[in-house]
Structures are given as C-alpha cells and as structure tokens.
Amino acid sequence: MKDIYILAIETSCDETSCSIIRNGCDELSTIVLSQIDIHSLYGGVVPEIASRNHIENITIVIEETLNKIGLKMEQIDAIAVTYGPGLIGSLMIGVQAAKTLSYIYNKPLIPVHHIAGHIYANNLVKPLNFPLIALVVSGGHTDLIYMKEDYSFEYIGGTLDDAVGEAYDKVARVIGLKYPGGPLVDELAHIGEDTYNLPIPLDDDSYNFSFSGIKSAVINLVHNEAQKNRKIVPENLACSFQNRVVEILTKKTMNALKKYNVQNLILAGGVSANKGLREKFKNLCYKENINLTIPKLKYCTDNAAMIGAAGYYAYKLGKRADLSLNAKASDKLY
Ligand code: KG4
Ligand code: ZN
C-alpha cells in the first residue's frame with residue numbers, strides 16, 4: 001500500500017506547530033514553537049498576543065518542518081489542521097495557512113478536532129486497540145470517552161465545571177507559581193506530604209467530575225491562613241491537591257472500564273503529563289490487567305504530530321473540508 005504523508009498544523013492556543021506524519025503513526029518531523037515565556041509574563045495566555053506570534057512564526061515553522069527531512073510539498077498527500085476548539089484568533093492563523101497550502105499545491109484539506117488530536121497522540125506510541133476508553137485531561141477538557149473503533153467518540157461523562165488543567169493552573173497561581181502552573185504543582189507535589197484536609201471532588205457513582213469545589217477550597221484555605229498570619233506549606237498543599245485529583249480521576253476511569261467491559265485505556269491531553277497521574281494509572285492498570293497507553297511526554301501538551309496522526313484516520317474515512325473551512329472556538333467531538 002502506498003505510504004500517506006500528512007502535513008499537520010496546530011495553532012489552537014500558544015504553540016505554533018507543524019508536523020509530518022507517515023501512515024498515522026510514524027512521526028518524521030515536528031516543530032513546536034512555544035510562546036510560554038511571553039505569556040508567563042502576564043500570568044496566562046493573552047489571545048491577541050498569541051495570534052500575532054502565530055502570524056510571525058507559522059511560515060517559518062512549516063518551512064523548517066519540511067526542510068528538516070528534505071521533503072517537498074509535492075510529496076505531501078494531505079494537509080490536516082486543527083479547526084477548533086481553541087482561541088479563535090490563534091486557530092484562524094493555522095486554518096488560513098492550511099487552506100493556502102491546500103489551494104496552492106492542490107492537496108486535500110482535513111479538518112481535525114483538537115481533542116481527536118490529543119487522543120491520537122497515543123497512536124504515535126502504538127496502534128490503538130479497540131474498544132477503548134480515553135480519559136481526556138487538558139486545560140479545557142476532562143472527559144471520559146468510549147471508542148468502539150477509529151474515529152468514533154462516545155461521551156461517557158465529563159467535568160460539570162472546571163477542567164482539571166484549569167484547576168491546576170488556578171491552584172498554582174494562588175500558591176505563587178508562574179504560568180503554566182500544572183507542571184510546577186506536579187513537581188512540588190512530589191517533594192511534599194499530604195497534610196491538608198481537602199475534599200475528594202464529586203466522589204459519587206457517576207462518570208462526571210467537578211473541580212471548582214476543590215479549587216475554591218484551596219483558594220479559601222490560602223486566604224484564611226494569610227488572615228491568621230500563618231504561612232501555607234506550598235509543597236504539602238500541592239501534594240494534598242494532587243492526591244485528591246488523581247484519586248478521583250483514576251477511581252472513575254477504572255469504574256468506567258469495568259462497567260463498559262473494556263480492557264484498553266488511553267490518557268490524553270496536557271494533564272496526562274502529570275507524573276502522579278501516570279504512576280497511579282500504571283499501578284492500577286498493571287493490577288487490573290488493563291492495557292494502558294500514555295502519549296510520550298512531549299506529545300501530551302499541544303503539538304501538530306497528534307493532529308497528523310488523527311488527520312490520517314480522518315483522511316482514510318474521507319473527511320474533507322473545502323476552502324470555506326472556518327476556525328471554531330467551540331465545537332463538540334462527541
Ligand atoms: O492539552 P494542553 O496542552 O492544552 C489544552 O488543550 O488545554 O493542556 C494544557 C494544560 C495546562 O492546564 C497545564 O497546566 C496542564 O495541561 N499540565 C499539567 C502538567 N503538564 C501540563 N497539569 C498537571 N501536571 C502536569 N505535569
Ligand atoms: Zn490541547
């Protein structure tokens with residue numbers, strides 16, 4: 001069978017990224033240009049600054065991705081692009097670049113949902129086995145998804161309020177860490193002890209999550225201690241917060257695997273880089289004989305390699321967009 005080369009573009013937030021993926025699983029060349037240093041000065045992503053930086057970087061990033069492996073646009077079979085969800089101004093830059101390449105080189109244009117990309121980051125580790133359950137944990141999503149086969153996404157449950165990454169970033173801010181705080185809270189949690197009495201969030205039999213309560217509990221605790229002129233111990237607070245979050249994410253996911261009688265679990269999204277979460281899932285899945293796949297660390301957070309992997313399956317299924325493709329700030333995958 002002929003090899004299929006997908007050139008993928010991802011600009012949904014503050015990473016300008018391009019990648020070339022062969023047959024949905026071989027990553028040949030990827031560039032991720034992060035704007036974190038710029039946005040951390042403001043304590044979070046500033047959308048207008050993000051889109052301006054995408055404009056400056058997108059052509060350089062695409063050219064470099066091709067040059068790294070000496071590939072020409074003529075050798076590419078299709079262009080995949082994240083059309084949403086994400087920051088509208090940021091998405092528009094990637095979509096415009098992809099449409100332009102598709103038009104000039106007469107290549108099919110494949111629209112990819114950002115979360116499908118996160119899920120297919122696992123296909124760069126090993127081919128997905130079905131049926132599977134995906135736990136999607138990112139800055140914007142915390143969802144449990146059932147997949148019967150490629151590109152079929154069935155919603156089992158998800159957060160009723162904040163996404164888990166969002167809660168991590170807020171907790172980080174209130175304990176004085178810079179943006180993005182998730183990885184820093186994770187680091188602190190590993191040197192701290194679980195001494196704070198925080199609630200396990202939405203500890204019920206459903207497959208839904210809620211992180212606004214535990215986030216507020218942390219904020220209130222920090223303020224109350226400050227009023228009493230007492231200092232919090234940041235590493236202990238990070239440890240207590242992370243333990244509760246990991247506890248509920250793993251508990252509900254393992255319950256879902258049993259209920260749906262599924263042996264394959266994949267993690268997806270930025271928070272799947274979390275060391276505590278990865279470790280706990282590895283132990284539980286080993287005990288329960290569950291086949292666990294986690295993306296490589298560098299493909300947990302936003303990147304175009306995952307879009308190229310998902311784009312390949314979308315391409316095979318005949319999903320195409322024409323030049324009227326628009327960026328969408330919000331759009332449902334399931
Ligand atoms: O998937 P992603 O790059 O962007 C979205 O699609 O949202 O996820 C970013 C989120 C941020 O909230 C970041 O703090 C969080 O993932 N994150 C982590 C870790 N690494 C990234 N949260 C906890 N522990 C980590 N190690
Ligand atoms: Zn993402």
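The shell around ligand 1 draws at least three residues from each of two domains, domain 1 (5-120 + 299-316) and domain 2 (128-294), whose bounds come from an automatic or database domain assignment. This is a predicted model, in which local features need pLDDT of at least 70 and side-chain atom pairs count only at pLDDT 80 or more, while totals for chains, interfaces and linings use all residues. Residues are numbered from 1 along each chain as its sequence is written, chains are lettered from A and ligands numbered from 1 in the order in which they are written, and side-chain values use heavy atoms, with hydrogens and water left out.

**Surroundings of ligand 1**

- Of the 18 residues around ligand 1, those that come nearest are His118, Gly139, Asp169, Gly270 and Asn274, where a residue is near if one of its heavy atoms lies within 4 Å.
- The shell residues divide into four nonpolar, eleven polar and three charged, with Asp, Glu, Lys and Arg counted as charged, Ala, Val, Leu, Ile, Met, Phe, Trp, Tyr, Cys and Pro as nonpolar, and the others, Gly among them, as polar.
- At least two residues of this shell come from each of α4 (114-120), α5 (164-174) and α6 (182-191), helices being DSSP runs of H or I with at least four residues and strands runs of E with at least two, numbered from the N terminus.

**Contacts and cover of ligand 1**

- An oxygen atom of ligand 1 lies 2.8 Å from a backbone N or O atom of glycine 139, and an oxygen atom of the ligand is 3.5 Å from a polar backbone atom of glycine 140.
- In the side chain of aspartate 186, an N or O atom is 3.1 Å from a nitrogen atom of ligand 1.
- Of the 550 Å² of accessible area that ligand 1 has on its own, the protein covers 88%, as computed by the Shrake-Rupley method with a 1.4 Å probe.

**Cis peptide bonds**

- Phenylalanine 130 and proline 131 are joined by a cis peptide bond with omega of about -5°, and proline 131 is placed in the loop between α4 and β6 (132-137).
- A cis bond also runs from tyrosine 179 to proline 180, with omega near -10°, and proline 180 lies in the loop between α5 and α6.

**Positive phi outside glycine**

- Asparagine 23, in the loop between β2 (15-22) and β3 (26-34), has a positive phi of about 55° although it is not a glycine.
- Asparagine 229, which is not a glycine either, has a positive phi of about 60° and is found in the loop between α7 (212-227) and α8 (234-259).

Note on methods. A polar contact is a pair of N or O atoms within 3.5 Å; within protein, one must be able to donate a hydrogen and the other to accept it, and residues adjacent in sequence count only if both atoms are side-chain atoms.
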